[in-house]
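User: Hi! Could you walk me through the pockets and the ligand here?

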Amino acid sequence: MSLHIDAAPGDIAETVLLPGDPYRAKWAAETFLDSPRLVNEVRGMLGYTGTWNGNPVTIHGSGMGMPSLSIYANELVRDYGARTLVRIGSCGAMQDRIALRDVIIAMTASTLSTPSRGIFRELNFAPAADWPLLRAAAAAAESRATTTHVGGIYSSDVFYDERPDLNEIMTRHGILGVEMEAAELYTVAARHGARALAVLTVSDHLLTGDALSSEARETGFAEMVEIALEAAFA
Ligand code: HPA
């Protein structure tokens, strides 16, 4: 048991999918896993463990933003022995060529700051995905109809940004999309020798202002879960 997860030892799989929304964790576990069972509900942050093609998998909410994700990622890795962590979430597109519903696989995650900033001090650590996971996710995505982009994303600390110029600078430097969790996930995984990746569906577009309906978000979400599972067990 850890401070924010009251699963019994052994109740968390080595492979963990991390959606931001705990209800997405419930939906994904009930939709894609065999014999899913609830293993955590502290603070409503639902986690389920079941099997996919016979492989044990946990699907656990991370909450929104890097400080929340950091708590769960640290406890999953340090207290429960998770070794492969795949974020499945949404992002805002930052390039014209990217459309709503496209999938973005995050090779790197740029930031202004992460909860790990304090330990790096003057060093600008570059949070990066695990290469075998990234390669496997790209291959899994390519076999589907959905357009996929692989490259750098921006993990922001704010959803309601009072500095739109920062987004413009990211766009000019080729960043594909913005979300709020991946950089800390990659950093925590790196610190503990675990593997991490973020697979994201484009839910809104920063350049056009377009956004997906909640129904369309669900379809995109299903595809991400499949890509994440195929990559984790490739
Ligand atoms: N900004 C930050 N995080 C997000 C966005 C966004 O536009 N869309 C989905 N997650």
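Analyst: Happy to; we can start with the ground rules, then take the ligand and the pockets in turn. This is a predicted model, where local features need pLDDT of at least 70, side-chain atom pairs count only at pLDDT 80 or more, and totals for chains, interfaces and linings use all residues. Residues are numbered from 1 along each chain as its sequence is written, and side-chain values use heavy atoms, with hydrogens and water left out.

User: Thanks! Which residues surround the ligand?

Analyst: The ligand is surrounded by Ser 90, Cys 91, Gly 92, Phe 159, Val 178, Glu 179, Met 180, Ser 203, Asp 204 and Leu 206. To be listed, a residue needs a heavy atom within 4 Å of the ligand.

User: And which element gives the largest share of that shell?

Analyst: Strand 5, with three residues. Strand 8 and strand 9 each supply at least two as well. Strands here are DSSP runs (E, at least two residues) and helices are runs of H or I with at least four, numbered from the N terminus.

User: What does the ligand's nitrogen sit close to in Asp 204?

Analyst: A nitrogen atom of the ligand is 2.7 Å from a side-chain N or O atom of Asp 204. For Gly 92, a polar backbone atom is 3.3 Å from a ligand nitrogen. The protein buries 88% of the 260 Å² that the ligand exposes when taken alone, with areas from the Shrake-Rupley method and a 1.4 Å probe.

User: Which space does the ligand take?

Analyst: The largest pocket. A pocket is an open set of points on a 1 Å grid over the protein atoms alone, where a 1.4 Å probe fits, with protein on both sides within 12 Å along at least five of seven lines; lining residues have an atom within 4 Å of a point. A molecule sits in one if more than half of its atoms lie within 2 Å of its grid points.

User: What lines it, by class?

Analyst: The lining of the largest pocket divides into 13 nonpolar, nine polar (Gly counts here) and eight charged residues (Asp, Glu, Lys and Arg). Strand 5 gives the most, six residues.

User: Switching topic: which residues lie nearest the centre of the second largest pocket?

Analyst: Thr 111, Thr 114, Arg 117, Asn 124 and Phe 125, out of 13 lining residues. Strand 6 (103–110) and helix 3 (117–120) each give two or more residues to that lining.

Technical notes:
A polar contact is a pair of N or O atoms within 3.5 Å; within protein, one must be able to donate a hydrogen and the other to accept it, and residues adjacent in sequence count only if both atoms are side-chain atoms.
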